[in-house]
Amino acid sequence: MVSKYPHVFQPFEIRGVLFKNHLVQAPPGCFFACDDRGFVTEDFVEYYRQYAKGGVAAGAVGNATIDITESSDEARQMQLSHPDGGLPLRRYVEMCETYGVQASAELTHNGKDTAPENIGRAPYSCSSFVTVAEEKRAERLGRAPIPTVEMSREKIKETVAKYARAARFCKQAGMKLCMIHGAHGNLISQFAGSYYNHRTDEYGGSLENRARFACEVIDAVRAEVGENFVIEYRISADEIHPEQMHLEETIEFIKYIKDKIDILHVSAGIHDLWGQPEYMGYLMSNYTMPQMLNVDFAAAIKKAYPELTIAVVGAIKDAAMAEEIIASGKADICAINRGLHADYDMPKKYAEGKEWQHMPCLRCRCFRMASPHTAKLCSVNPMWGRFKEYPGGILPPAPVKKKVAVIGGGPAGVECTKWLLQRGHEVTLYEESDSIGGHVKDAVGAPFKKDLRDYVAYMQDFAANCGARVLLNTEATAELLAEEHYDEVFACVGADPILPKLPGSDLPHVFWAPEGENGRVPVGDRVVIVGGSSVGTEASITMAMEGKTVTVLEMAKEVDLMRTGAGLNLLQMTKQYGVNRLLGHKLLAIEPDCVKAENRETGEVLTIPADTVLMAVGMRPRRQVALQFAHSCPETSFHIIGDAASSGDIRDAVFHAFEATRFV
């Protein structure tokens with residue numbers, strides 16, 4: 001069988017090391033999986049098995065420190081500084097070999113980014129300085145900021161040797177490649193850029209001098225591992241911050257290392273500048289940012305150095321995107337992290353022609369979670385991290401096959417259908433509209449919400465191909481269900497928008513915000529949006545991007561937009577497009593050409609011109625609609641799922657559906 005992605009699934013070799021395709025797992029943080037010493041555990045092996053079995057060609061354990069006593073910024077972080085860790089690491093390598101996956105580790109010294117509290121003293125770096133993160137940490141802890149310690153020549157030599165030692169441990173464990181982390185403001189890039197490097201010796205000043213540390217590290221690693229071993233080097237093509245390294249300088253920097261490495265892994269952005277998403281965003285992008293956002297950087301580097309094997313990472317979500325990138329010559333390898341959290345079987349599904357099963361990453365929240373044991377970690381994949389409960393990520397067959405009705409084709413209904421089918425039940429899905437998607441279809445109007453449009457397409461493709469009986473344009477009724485004699489009924493009928501009753505709320509220019517955002521109703525040039533949470537904020541940005549004058553009214557003095565992980569970007573966009581956000585203001589009345597609003601603190605009443613008023617004040621569960629089906633099956637087998645039970649987001653609906661169906 002030949003897939004539709006010949007470039008992606010073409011095997012290749014580097015230094016005699018075979019890669020079965022061009023998709024690799026980008027290095028995630030180690031999270032929970034090592035023991036307190038930083039050694040591989042059984043949980044670690046089984047956690048990474050999820051990805052290995054899914055079809056990637058290689059997988060790198062992220063943030064593996066070369067010295068846990070100097071570089072420590074994660075709990076239970078993998079360390080490659082003690083020989084006793086070799087045998088446990090071998091178990092991980094052997095697991096990868098079972099699936100034809102090349103195991104790797106990302107060799108890291110984060111320098112400035114280690115908190116003094118983690119190691120009991122100031123961290124090392126190329127020079128002495130105080131970072132933004134340290135200033136904020138010191139303020140939070142009530143102490144003075146602690147500057148980094150400038151590394152002496154002797155310390156540099158010692159550190160270079162630690163990189164080589166870590167690579168040796170990787171090779172002794174059976175790995176055939178490793179990744180040197182020279183990106184994201186870690187120690188090597190601290191030396192490389194003039195923003196942090198203030199040295200006046202042979203390691204500072206000119207770009208050639210600032211590249212010296214990187215060259216010494218790579219040379220030492222090569223001397224330790226020999227020729228039949230692949231060295232991958234991770235770099236930030238552009239650190240985004242105006243005072244740090246940009247693409248032109250990075251391309252110049254690469255000439256010093258290009259003949260020493262086998263794969264250049266292109267990322268972007270930098271750590272430390274917390275609270276400034278324009279710098280951090282390129283290494284952990286959210287849904288407001290472009291997909292494949294680092295590909296242009298990779299293409300520029302590939303053009304400058306066509307002989308280099310280029311890997312690129314950053315919001316590459318599936319094999320179709322990777323095929324486009326590789327076929328166009330912009331890069332040779334595509335590295336994926338969060339896209340594999342959402343669906344670790346993605347490569348296999350695309351190779352087998354089962355794209356309709358693929359769950360796309362929403363780039364919504366997983367970087368705000370602590371570990372894969374945190375409840376509801378990935379919004380679309382409730383199996384992530386549950387490898388102990390469900391080896392292989394599969395629900396076991398039900399002991400008795402049942403006839404089941406699912407009412408409603410939104411996220412809750414689609415997910416109920418998915419897991420019920422996996423259990424072996426006969427499922428009928430009722431959807432009263434002409435398409436699957438529920439209210440998610442209402443939430444995709446903003447031009448920057450491509451990820452959510454991908455999710456709607458997934459729901460529709462899944463429903464069309466999954467094998468359930470899917471009845472569109474069919475309003476379920478108690479009488480209709482009674483004729484079918486269902487064993488179980490799942491009411492996933494969603495929620496209705498709340499439209500407050502106040503003077504003028506029945507005027508013809510008052511609508512639900514998504515109706516205006518999606519162009520279903522006419523919207524004038526002066527828009528007032530009532531509600532400043534994510535729905536209202538996104539609608540305000542969409543309207544303002546169209547050139548409209550937009551005011552947001554929100555009763556609360558503070559609004560937490562961070563639940564999605566994109567809050568800082570959203571607020572930045574409201575400022576960029578001139579949205580007037582009035583927090584702590586209550587809508588009093590709507591008039592034909594304006595609204596009246598009260599400042600809740602001062603009592604001042606404002607008159608705000610408006611020819612359109614859009615409501616975004618929440619949703620009300622359709623429980624009464626759901627309850628009409630309570631007797632359409634044995635009463636104890638009736639379930640209300642998703643927004644119909646309690647208004648929430650996609651993640652809430654997905655997990656509610658999974659929990660409700662996994663034992664049916």
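The pLDDT is the predictor's confidence in each residue, on a scale from 0 to 100. In this predicted model, the protein chain has a mean pLDDT of 93, and 96% of its residues reach 70 or more. The pLDDT falls below 50 over residues 368-374; this stretch nevertheless has 18 contacts in the model beyond near neighbours in sequence, a contact being heavy atoms within 4.5 Å. Local features are given at pLDDT of at least 70 and side-chain atom pairs at pLDDT 80 or more, whereas totals for chains, interfaces and linings use all residues. Residues are numbered from 1 along each chain as its sequence is written, and side-chain values use heavy atoms, with hydrogens and water left out.

The largest nonpolar core holds 142 residues. Such a core is a set of buried Ala, Val, Leu, Ile, Met, Phe, Trp, Tyr and Cys residues joined through side-chain atoms within 4.5 Å; buried means under 20% relative accessible area, exposed over 50%, and partly exposed in between, with a 1.4 Å probe and protein chains only. Helix α8 (residues 212-225) gives the most to this core, with eight residues. Helices (H or I, at least four residues) and strands (E, at least two) are DSSP runs numbered from the N terminus. Y92, Y233 and L264 touch the most other members of the core. Beyond residues up to four places away in sequence, the contacts of Y92 include V40, F44, V45, Y48, G59 and M175.

Q102 lies in strand β5 (residues 102-108). Q102 counts as buried because its relative accessibility is 12%. Its side chain reaches the backbone oxygen of L18 at 2.9 Å. Outside its neighbours within four places in sequence, Q102 is in contact with V17, L18, F19, A57, A58, G59, K176 and L177.

Four of the five residues of strand β19 (residues 526-530) are buried, so the strand is mostly covered. Strand β19 runs parallel to β20 (residues 549-554), and five bridges join them; two strands pair if DSSP finds at least two bridges between them. V530 has L553 of β20 as its bridge partner.

An open sheet of three strands, paired antiparallel, follows the order β22-β23-β24. Its edge strands, β22 (585-591) and β24 (605-609), each pair on one side only. From one strand to the next, the twist averages 25 degrees, where axes are lines fitted to C-alpha atoms, for helices over the stretch in contact, and angles between N-to-C directions run from 0 to 180 degrees. Strand β23 (residues 594-599) is joined to β24 by five bridges, and V595 has I608 in β24 as its bridge partner.

Note on methods:
A polar contact is a pair of N or O atoms within 3.5 Å; within protein, one must be able to donate a hydrogen and the other to accept it, and residues adjacent in sequence count only if both atoms are side-chain atoms.
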